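Please open the structure in your viewer and keep the sequence panel visible. The tour below proposes one selection after another and states what is found at each stop.

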Amino acid sequence: MATTRIGLDRLPAAARAAVEQHTGPLLTIVEATEGFNSEIAARVTSATGTWHIKGLRTDHPRAWTQRREAAVAPFLTGAGPALHWRVEAAGWDLLGFEALDGHHADYSPASPDLQEVAALLGRLGGTPRPDIELRHAEQRLERYAARPGDLRFFGGDHLLHTDLNNTNVLVNGRAPQGDRARLVDWGWATRGASWLDAGYWVIWLIASGHTPASAERWAAEVPAWHTAPAEGIAAFAAANRNVWDEISTADPDPWTLRLAAAAATWHDHREAS
């Protein structure tokens, strides 16, 4: 379920002062309109630089996602934004990230962004798993697998993002070709099989207008996808159909219903294969 967003100007004065110890007095604040997981999300500038700030109250039920993002950020060179500072003050946990330039990735079938996203997932697939606490993919999918034995396909020792929402991918057209995309919002970082992020991408591609066959062709641009057994892909599609059925039933917004339909379409395709 989405977290209620508040403006940065509603932070307690002590929390704002703690931020400005790192930034200096803020000159501009542009509140983010995308994203679901942060109470604070804004691009800010001062005389000394520009940052993207994310924040949650320290007693928020998902405060652990802030800790996860802070822990994983140092290992994301070439895949995600750098974390410049973190402050905990007046009941708030606030992260100051590198402010990335670019647009949200376009996942539609003719989009030039698709090759950049595939290249990004390829780089991520080669990122060693950091020695930090991460939930395991088989734990996250345990309640959703069609059969207990299916969980063996999801385990692994690779760093995964797991939330391939196109708004979590920024593409900078001025960067070198093949290195233009970055993943943000790493609160759901997970340990698992190297091909799973390509699988999560398939669902978002179908939701963006691809056929299952087209989506899987793009997944095949990610080298790790070729390590996935067909039975494992089918098991993953079945589990994610159950995930999105649950999400869309609890929170039947247009976007959750669209993802549920995409996951069902992929599962049906795999069942027919």
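A polar contact is a pair of N or O atoms within 3.5 Å; within protein, one atom must be able to donate a hydrogen and the other to accept it, and residues adjacent in sequence count only if both atoms are side-chain atoms. This is a predicted model, in which local features need pLDDT of at least 70 and side-chain atom pairs count only at pLDDT 80 or more, while totals for chains, interfaces and linings use all residues. Residues are numbered from 1 along each chain as its sequence is written, and side-chain values use heavy atoms, with hydrogens and water left out.

**The whole chain**

Display the protein chain as a cartoon: eight helices and 11 strands appear (helices are DSSP runs of H or I with at least four residues, strands are runs of E with at least two, and both are numbered from the N terminus). The radius of gyration, taken over C-alpha atoms, is 19 Å, close to the 19 Å of the globule rule (2.2 Å times the number of residues to the power 0.38) for 273 residues, so the chain is as compact as a globular protein of that length. Along its principal axes, the C-alpha trace spans about 60 × 40 × 35 Å. Of the 273 residues, 51% count as buried (under 20% relative accessible area, with a 1.4 Å probe and protein chains only).

**Lys-54**

Next, select Lys-54, which is placed in strand β3, residues 49-57. Is Lys-54 buried or exposed? Its relative accessibility is 5%, so Lys-54 counts as buried. Now show side chains: that of Lys-54 makes a polar contact of 2.4 Å with the side chain of Glu-69, and another of 2.6 Å with the side chain of Asp-185. Leaving aside residues up to four places away in sequence, Lys-54 also touches others, including Ser-38, Ile-40, Gln-66 and Phe-97 (contact means heavy atoms within 4.5 Å).

**Helix α2**

From Glu-69, extend the selection to helix α2, residues 63-72, where seven of the 10 residues are buried. Among them are Gln-66, Glu-69 and Val-72. Which strands do the buried residues of α2 pack against? They pack against β3, β4 (83-89), β5 (92-98), β7 (135-136) and β8 (158-160).

**Glu-39**

Finally, select Glu-39 in the loop between β1 (26-31) and β2 (40-46). Glu-39 is buried, with a relative accessible area of 6%. A polar atom of the Glu-39 side chain lies 2.8 Å from the backbone nitrogen of Arg-57.

Note on methods: Buried < 20%, exposed > 50% of the residue type's maximum accessible area, 1.4 Å probe, protein only.
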